[in-house]
Amino acid sequence: MKHFSMQDCVDFVRWVKDEEETVAMQKHLDEGCTKCLKNLEIWRHILKFANKESQYAPPESSVRIVEASFAMRGLLSARTEKFELATLVFDSSKVALAAGVRGGYASARQLLYKSGSVCIDMHMQPKPGSESVVLMGQLLDSTRPAHGIGDVPVSLLCEGDTLSRKTTNQVGEFEFGFGAVRDVQLVFGIGESRLLVVPVPNANN
């Protein structure tokens, strides 16, 4: 059985596919493809969150932590740097799985953040047998969804201390590993004067 791609699913829930393709997809779903139904359900939730983005605000505690981190490390320049806090628009841990797919092992956590046209798609995976976490992600431009934003410096911070510094690869991907720490943030240096901060949720929350 041929499954539809993620892009097909996105276009389907946004109602931008042509009538023939929409009919074909609906027929495929009516035949009971669990994989495609699950993917569509995820993207329906993402679209719902994205449409309500203006209603979301970061917790005051997260704002205080990030601002304190910048003050301690001097990451914000008084000259030209613009500070932005990315908004969480999707968290797979908050999504109720459809009946029939609840028995799977769901230790991995999918997160989607947005600030303007910049999107940060992240995947948190605990390391088996330890308290460490692997954080993988991709920096994307929503105006060019097929293209990642490469060569962007990104730092992993914990309570103001820099744990690691890296640069996104050619397709905007990055990866970090860290232990049992709390109040973690990612800081992306976009362009010459824009700092984008992503408050990473605690692994056990």
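Here are three short exercises on this predicted model, each with a worked solution.

**Exercise 1: helix α2**

Work out what span the twelve residues of helix α2 (residues 19-30) should have, and check the model against that value.

Solution. Start with the rule: the expected span is 1.5 Å times one less than the number of residues. For the twelve residues of α2 that gives 16 Å. Now look at the end C-alpha atoms: they sit 16 Å apart, so the model agrees with the expected value.

**Exercise 2: the two sides of α2**

Find which residues of α2 are buried, and which are exposed.

Solution. First, pick out the buried set: Thr22, Met25, His28 and Leu29. Next, check how they are arranged: they cover an arc of only 125° around the axis, so they lie on the same side of α2. Then turn to the other side of α2, where Glu19, Glu20, Val23, Lys27 and Asp30 are exposed. Finally, step past the end of the helix: Gly32 follows α2 and has a positive phi, near 90°.

**Exercise 3: Ser155**

Decide whether Ser155 is buried or exposed, then list what Ser155 touches.

Solution. Place the residue first: Ser155 is part of strand β7 (residues 153-158), one of eleven strands in a protein that also has four helices. The cut-off for buried is under 20% relative accessible area. Ser155 comes in at 15% relative accessibility, so Ser155 counts as buried. Leaving out residues up to four places away in sequence, Ser155 touches Thr162, Ser164, Arg165, Phe176, Gln185, Leu186 and Val187. For context, buried residues account for 36% of the protein's 205 residues.

How values were computed. Residues are numbered from 1 along each chain as its sequence is written. This is a predicted model: local features need pLDDT of at least 70, side-chain atom pairs count only at pLDDT 80 or more; totals for chains, interfaces and linings use all residues. Side-chain values use heavy atoms; hydrogens and water are left out. Helices (H or I, at least four residues) and strands (E, at least two) are DSSP runs, numbered from the N terminus. Buried means under 20% relative accessible area, exposed over 50%, partly exposed in between (1.4 Å probe, protein chains only). Contact means heavy atoms within 4.5 Å. The arc is that of the directions from the helix axis to the C-beta atoms.
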